[in-house]
Amino acid sequence: GWPRPRLRGGALNVESAWRAVLSLSGRRRGGGGLFVAIRRRRYVDRGVLNGPLCVIYGIAGVIIAVTMPEIRDNLFFLFLYSALYATVIEWIAGHILEHATGTRWWDYSHLPFNFDGYVALPVSAVWGFLGVAMVRWVNPLLVDLIDLIPQPVGLGIQIAAEVVLVI
């Protein structure tokens, strides 16, 4: 099978790259950030972090990208586990955010088969399909692109990305 994402050639940590990429791209599914900004033609920030980053999607994406390559050829289980991991993370994060801020950050209670309004079966299915796409096609492409980055440049990119996430 395809190897697990790892630091290859010392250029850039794949998990850091994934966290940044998925924090940005995950905003589309979450109804905030970049996708809504394009649709509304203005910037919309609905994240916990500053800027268009959503740490929940970054964490879920990294966990799926790192733990699922061994089952990449079994589409059923890849879909199932991707949906399950992401749904559990989303449910836990929703409760933590509401407890910490006193605000409900999203509400799926209008969707069928929802649980606490934080997760719902249709959204979980989207997570499953995104996990399949990530593990089967996007992650191998990202690893190959990262391998093209010279080590000093990759280290600089990684440090800059980590600083942005901390700020």
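Start by selecting phenylalanine 113, which is exposed, with a relative accessible area of 69%; here exposed means over 50% relative accessible area, buried means under 20%, and partly exposed lies in between, as computed with a 1.4 Å probe on protein chains only. Phenylalanine 113 sits in the loop between α4 and β1 (114-115), and its phi is near 55°, a positive value in a residue other than glycine. Most residues other than glycine have a negative phi.

Before moving on, note that this is a predicted model, in which local features need pLDDT of at least 70 and side-chain atom pairs count only at pLDDT 80 or more, while totals for chains, interfaces and linings use all residues. Residues are numbered from 1 along each chain as its sequence is written, and side-chain values use heavy atoms, with hydrogens and water left out.

Next, select aspartate 116, which lies in the loop between β1 and β2 (119-120). Aspartate 116 also has a positive phi, near 60°, in a residue other than glycine, and with a relative accessible area of 38% aspartate 116 is partly exposed.

**The whole chain**

Now colour the model by secondary structure, where helices (H or I, at least four residues) and strands (E, at least two) are DSSP runs, numbered from the N terminus. The protein has six helices and two strands, and along the sequence they follow the pattern α-α-α-α-β-β-α-α. If you switch on the surface, the accessible area comes to about 9,400 Å², of which 68% belongs to carbon and sulfur atoms; such areas come from the Shrake-Rupley method with a 1.4 Å probe, and for residues only the protein chains shown count as cover. Of the 167 residues of the protein, 39% count as buried. Among contacts (heavy atoms within 4.5 Å) between residues at least 6 apart in sequence, 65% join residues at least 24 apart.

**Helix α4**

Select residues 75-101, helix α4, which has 27 residues and reaches 38 Å from its first C-alpha to its last, close to the 39 Å expected at 1.5 Å a residue; the expected span of a helix is 1.5 Å times one less than its number of residues. Which residues of α4 are buried? Among them are Leu78, Ser82, Ala86, Ile89, Glu90, Ala93, Gly94 and Leu97. An α-helix has 3.6 residues a turn, so residues three or four places apart point the same way.

Leucine 80, also found in helix α4, is partly exposed at 38% relative accessibility. Measure from leucine 80 to glycine 131, and the two C-alpha atoms are 9.2 Å apart in space, although the residues are 51 apart in sequence. Just after α4, glycine 102 takes a positive phi of about 75°.

**Helix α5**

Then select residues 121-147, helix α5, whose 27 residues should span 39 Å at 1.5 Å a residue and whose end C-alpha atoms are 37 Å apart, which agrees. At methionine 134, α5 bends by about 50°, the bend being the angle between axes fitted to the seven residues ending there and the seven starting there.

**The nonpolar core**

A nonpolar core is a set of buried Ala, Val, Leu, Ile, Met, Phe, Trp, Tyr and Cys residues joined through side-chain atoms within 4.5 Å. Of the 20 residues in the largest such core, Ile56, Ile64, Trp106 and Trp127 touch the most other members. The helices α3 (55-67), α4 and α5 each supply at least two residues of this core. Centre the view on tryptophan 106, which, leaving aside its neighbours within four places in sequence, is in contact with Ile56, Glu90, Ala93, Gly94, Leu97, Gly117 and Tyr118.

**Salt bridges**

How many salt bridges are there? The count comes to three, where a salt bridge is a side-chain nitrogen of Lys or Arg within 4 Å of a carboxyl oxygen of Asp or Glu.

Select arginine 104, which is partly exposed at 34% relative accessibility. Its side chain meets that of glutamate 98 in a salt bridge (3.6 Å, N to O), and the side chains of arginine 104 and aspartate 107 meet in another (3.9 Å, N to O). Salt bridges that share partners thus join Glu98, Arg104 and Asp107 into one network.

Finish at aspartate 73, which forms a salt bridge with arginine 72, the closest N and O atoms being 3.8 Å apart. Aspartate 73 is exposed, with a relative accessible area of 60%, whereas arginine 72, at 17% relative accessibility, counts as buried.
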